[in-house]
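Let's take a walk through some side chains and see who pairs up with whom. Keep the sequence and the 3D view open while you read.

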Amino acid sequence: MSGAARERAAGFLRRRLAPPPLRPPGARPEAEFAGLCIRCGRCAEVCPYRALRPAGFARGLEAGTPMVVAREAPCWLCMRCPPACPSGALEPIRDLRRVRMGLAVVDRDRCYAFMGIVCRTCLDACPLQGEAIRQDDDLRPVVTDRCVGCGLCEFRCPAEGSAIRVRPEASGDRAAAAAVDTGGARGPGGGR
Amino acid sequence: MTGAGASGPGDGRWTRRRRAVQALFAAFYLVLPFLGSERLAGTMIALRVGPVDLAEPASAASAWLAGGAAAGALLGGVAPVVLLAALLGPVYCSWACPFGLLSEGIDRLRSRRRRWPDRSWERARLPRLLSLAALLGGSLLLGAPLAAILAPPRLATALPLEAVSARVVPAVTGTLLLAALALEVLGPRRILCRALCPAGGLAAWLRLPFAWRPRLDAARCLCPEVALCHQRCPWGIDPRRMRRADGCTCCMACVDGCPSGALVAIRGGPARG
């Protein structure tokens, strides 16, 4: 059965009632993920931060698949869940810099730094210090394509409801971005 | 969960042993989420024990149909389970599955005095095949591993895991489990285990003709047409008319029920059929 025909047949049940969820690190592209994940719960079981929770009924046939709600419990990139997955829905990643759960997006209307208030909470929260989020000349946060989408910035942001949010994308969906990942300006890095 | 009647039908040496093993498995799956271990983790459809990674065959097939070749990662874990089912039939249904324990408890409470009709297992054969076909076909069509999602062994073992590991109310798993139990209470006897469970259904078909199961010495059988062993079988199989894929789970309740010693659990000679 061709992929297109399958998508059509499944359309009425798979229609998303909620925005796409943030997946654990190493997740296969969203189109395959819900098919490969057998809802065995092992990823959630090994997560020491209790950051993985089963999706609810609002996700239709994706109910029961693991998702991260970054504002409540972000991913700390400990990388224990991918090897726990038995079905290939999560693939082990050695280098945490290759993780692509999503991409953080700054809401300029709510970010304190954009209001002229000194705040670098997201920069300090970022596990890729100085690489994924950098400051521009006006000391405002700028997310680079090195962002892995772990959600630690979203978790720590002091603004009401968080002024920086991770836009989910499964690893494969940003394969192109990973290919051009070589350029990305290096930040001050070890300085802090 | 075995009901109030400790001395109800089916109690005997084998049944007592089996209850102990079932209780151990149920306790194991309840404690597992608290360990948070990587070497001992999972639910009944995908269990990791040290270096061994076990996977339930119907769930694996379902994931392969729904998600594609990457599900081949499950293949290595399927092999030992297929071997077990080939040699013993769906033995984990009656000895390990916590849902099976719940189902047996419900059946005991609701039908202490009822008898299995003749040919009861034959009536379950077609629904069992249809259920497996529908769940696997649906997996391919909808792109979701339905046989894994709806497998009663997963529902029963994922409930404590989700509640403990994710610290959330397991709404989806809980609702599906309640629906399954409601069907057990209101529907035909042991409908999920006998006819609808994809894990048990596939294991029943995987059994090889010479696999281990109770042996009948027909010459010693003294029962009339309505036999005690038939009435005690939790699946309504008549042990005097055994067939390869009748779904016998080697629970040995028939051996416990046999008054003449015609049925034995362990001894040579091929099973009939």
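## Charged partners

In chain B, Asp238(B) and Arg240(B) come together in a salt bridge, with 3.9 Å from N to O. One thing to keep in mind as you look: this is a predicted model.

Are these two partners buried or exposed? Asp238(B) has a relative accessibility of just 7%, so it counts as buried. Arg240(B) is buried as well, at 13%. The cut-off that matters here is 20%, because buried means a relative accessible area under that value.

Salt bridges can also share partners: in chain A, that is how Arg23(A), Glu30(A) and Glu62(A) are joined into one network.

How many salt bridges turn up over all chains? A search of the whole structure finds 21. Here are three of them, with their N to O distances:

| Partners | N to O distance |
|---|---|
| Glu32(A) and Arg28(A) | 2.6 Å |
| Arg110(A) and Asp107(A) | 3.0 Å |
| Asp238(B) and Arg240(B) | 3.9 Å |

Now check how open the chain A partners are. Glu32(A) is partly exposed, with a relative accessible area of 26%, whereas Arg28(A) is buried at 19%. That 19% for Arg28(A) still falls on the buried side, because the limit is under 20%. In the other chain A pair, Arg110(A) is partly exposed at 32%, and Asp107(A) is partly exposed too, at 26%.

## Rings that meet

Next up, the aromatic side chains. To describe a pair of aromatic rings, you give the distance of the centres and the angle of the planes.

Over all chains, the count comes to three aromatic pairs. One of them is made by Trp14(B) and Trp95(B): their ring centres are 6.4 Å apart and their planes sit at 85°, so this pair is edge-to-face. Why does 85° lead to that label? An angle over 60 degrees counts as edge-to-face, so 85° qualifies.

Where do these two Trp residues sit along the chain? Trp14(B) belongs to helix H1 (residues 13-35) of chain B, and Trp95(B) to helix H4 (residues 91-95) of chain B. The two are 81 residues apart, and the pair links distant parts of the chain. Both rings belong to buried residues: Trp14(B) has 10% relative accessibility, and Trp95(B) has 14%.

Another aromatic pair is Phe28(B) with Tyr29(B), also edge-to-face, at 5.1 Å centre to centre and with 70° between the planes. These partners differ in how open they are: Phe28(B) is partly exposed at 25%, while Tyr29(B) is buried at 5%.

Go back to Trp14(B) for a moment, since a charged neighbour shows up there. Arg17(B) lies over the face of Trp14(B), 4.7 Å from the ring centre.

## A cysteine in a loop

Last stop: chain A again. Cys78(A) is found in the loop between strand E2 (66-68) and helix H4 (81-84) of chain A. With 32% relative accessibility, Cys78(A) counts as partly exposed.

Which residues does Cys78(A) touch, if you skip its neighbours within four places in sequence? Cys78(A) is in contact with Pro48(A) and Tyr49(A). Phe114(A) is another residue to locate from here: Cys78(A) and Phe114(A) are 36 residues apart in sequence, and their C-alpha atoms are 32 Å apart in space.

Definitions and conventions: Residues are numbered from 1 along each chain as its sequence is written. Chains are lettered from A and ligands numbered from 1 in the order in which they are written. This is a predicted model: local features need pLDDT of at least 70, side-chain atom pairs count only at pLDDT 80 or more; totals for chains, interfaces and linings use all residues. Side-chain values use heavy atoms; hydrogens and water are left out. A salt bridge is a side-chain nitrogen of Lys or Arg within 4 Å of a carboxyl oxygen of Asp or Glu. Buried means under 20% relative accessible area, exposed over 50%, partly exposed in between (1.4 Å probe, protein chains only). Rings of Phe, Tyr and Trp (its six-membered ring) pair if their centres lie within 6.5 Å; planes under 30 degrees apart count as stacked, over 60 as edge-to-face and the rest as tilted. Helices (H or I, at least four residues) and strands (E, at least two) are DSSP runs, numbered from the N terminus. A charge sits over a ring if NZ of Lys or CZ of Arg is within 6 Å of the ring centre and within 35 degrees of the ring normal. Contact means heavy atoms within 4.5 Å.
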